[in-house]
Amino acid sequence: MALLPITLYGDKILRKKTARVTEVDVKTVKLIKDMFDTMKNAPGIGLAANQVGADKRIFIADISSVEGYENSKPMVFINPKIEKFSEEKNTMEEGCLSIPEIRLDIERPKQITVKFQDTELNEHILDADELLARVIQHECDHLNGILFTDKIPDELKKKLKKDLSKIKHRKIEVEYPVTQNIDYCLK
Ligand code: ZN
């Protein structure tokens with residue numbers, strides 16, 4: 001098992017639009033395996049490649065630890081693109097391994113249709129709703145350099161400024177390995 005340090009709010013790679021994957025080589029397979037180890041250890045239910053410092057359009061999800069979703073399988077999404085958003089929206093509390101201890105109610109479309117590739121680069125189309133739709137949207141945002149704290153009213157953003165600054169400057173205690181500086185990039 002290999003745990004990778006998780007990037008924190010303020011890290012530059014979290015603001016990057018990540019690069020398309022054109023080949024799944026041995027290194028990429030190892031990255032995905034390590035991402036699962038890292039996500040389970042944290043623990044989390046979704047993790048994007050730039051959250052471990054990798055500039056690749058890959059995210060993983062496993063919601064089976066959540067009550068009511070025990071039968072869900074771990075999933076890998078390569079080059080995901082959300083093709084359709086429902087008009088109906090819902091609000092759920094979200095958190096993020098890169099923004100420890102902050103949880104916020106976020107409104108998002110309730111259902112989505114996502115196109116993605118698997119580790120053999122075969123294409124799939126998936127309709128998702130409720131929690132899975134939520135995780136997919138949160139993780140696709142990551143791959144485009146967007147964080148859930150971008151989606152709240154300005155007034156609330158002001159209130160969070162201090163907390164976010166603490167995370168950026170590592171003035172917090174986190175129970176899983178995190179990066180030590182904002183320029184971190186996985187070699
Ligand atoms: Zn996140």
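## Leu126 and its surroundings

In this predicted model, Leu126 touches Met75, Phe77, Ile112, Thr113, Val114, Phe116, Leu132 and Ile136, leaving out residues up to four places away in sequence. Leu126 itself sits in strand β7, which covers residues 123-129. Its relative accessibility is 22%, and because buried means under 20%, Leu126 counts as partly exposed.

You can also use Leu126 as a marker for distance across the fold. Its C-alpha atom is separated by 38 Å from that of Ile172, and the two residues are 46 residues apart along the chain.

## The zinc site

Which protein atoms act as donors of the zinc ion? They are Cys96 through SG, His138 through NE2 and His142 through NE2, and they lie 2.0 to 2.2 Å from the ion. Written as a spacing along the sequence, the donor residues read C-x41-H-x3-H. The pair Cys96 and His142 links distant parts of the chain: Cys96 comes from the loop between β4 (89-94) and β5, while His142 belongs to helix α2, 46 residues away. Both Cys96 and His142 are buried.

A general point about helices is handy when you look at the H-x3-H part of the spacing. An α-helix has 3.6 residues a turn, so residues three or four places apart point the same way.

## Helix α2

Helix α2 runs over residues 130-143, and its length can be checked with simple arithmetic: at 1.5 Å a residue, its 14 residues should span 20 Å, and the end C-alpha atoms are 21 Å apart, which agrees. The helix is mostly covered, with 13 of its 14 residues buried. Just after α2, Gly145 takes a positive phi of about 80 degrees.

## The largest pocket

The largest pocket holds about 650 Å³ of space. Its lining is made of 32 residues, and the closest to the pocket centre are Pro43, Gly95, Cys96, Leu97 and Arg103. Cys96 therefore appears twice in this report, since it is also a donor of the zinc ion and one of the residues closest to the centre of the pocket.

Among the elements of the fold, α1, β4 and α2 each supply at least two residues of the lining. Helix α2 gives the most, with six residues.

## Helix α1 and the nonpolar cores

Helix α1 has 16 residues and reaches 23 Å from its first C-alpha to its last, close to the 22 Å expected at 1.5 Å a residue. Its buried residues are Thr28, Leu31, Ile32, Asp34, Met35, Phe36, Asp37, Thr38 and Met39. The buried residues of α1 pack against β1 (46-48), β2 and β3.

The largest nonpolar core has 33 residues, of which Leu47, Ile58, Ile60, Ile99 and Ile102 touch the most other members. At least two residues of this core come from each of α1 (26-41), β2 (58-61), β3 (75-85), β5 (104-109) and α3 (154-168). Helix α1 gives the most, with five residues. Apart from this core lies another, of 18 residues, including Ala48, Met92, Ala128 and Leu131.

What does Ile58 contact beyond its neighbours within four places in sequence? Ile58 is in contact with Val21, Thr28, Leu31, Ile32, Met35, Leu47, Ala48, Ala49, Val76, Phe77, Ile78 and Leu143. Of these, Thr28, Leu31, Ile32 and Met35 are buried residues of α1.

## Backbone features worth a look

Most residues other than glycine have a negative phi, and most peptide bonds are trans. Against that background, the peptide bond from Ala42 to Pro43 is cis, with omega near -5 degrees. Pro43 lies in the loop between α1 and β1, and it is also among the residues closest to the centre of the largest pocket.

Glu101 is not a glycine, yet it has a positive phi of about 70 degrees. This residue is found in the loop between β4 and β5, and at 74% relative accessibility it counts as exposed. Arg170, in the segment after α3, is likewise a residue other than glycine with a positive phi, near 55 degrees.

## Asp11 and the segment before α1

Is Asp11 buried or exposed? Asp11 is buried, with a relative accessible area of 1%. This residue lies in the segment before α1. Not counting residues up to four places away in sequence, Asp11 touches Arg170, Thr179, Asn181 and Ile182. Arg170 in that list is the residue whose phi is near 55 degrees.

Technical notes
Residues numbered from 1 in each chain as written. Predicted model: local features only at pLDDT ≥ 70, side-chain atom pairs only at ≥ 80, totals over all residues. Heavy atoms only, no water. Helix = DSSP H or I, 4+ residues; strand = E, 2+ residues; numbered from the N terminus. Expected span 1.5 Å × (residues − 1). Buried < 20%, exposed > 50% of the residue type's maximum accessible area, 1.4 Å probe, protein only. Contact = heavy atoms within 4.5 Å. Core = buried A, V, L, I, M, F, W, Y, C linked by side-chain atoms within 4.5 Å. Donors = N, O, S within 2.8 Å, 3.2 Å for Na, K, Ca; no water. 1 Å grid on protein atoms, 1.4 Å probe; cavity = no way out; pocket = protein on both sides within 12 Å on 5 of 7 lines; lining within 4 Å. Points joined across faces, edges and corners; volume = space filled by probe spheres on them.
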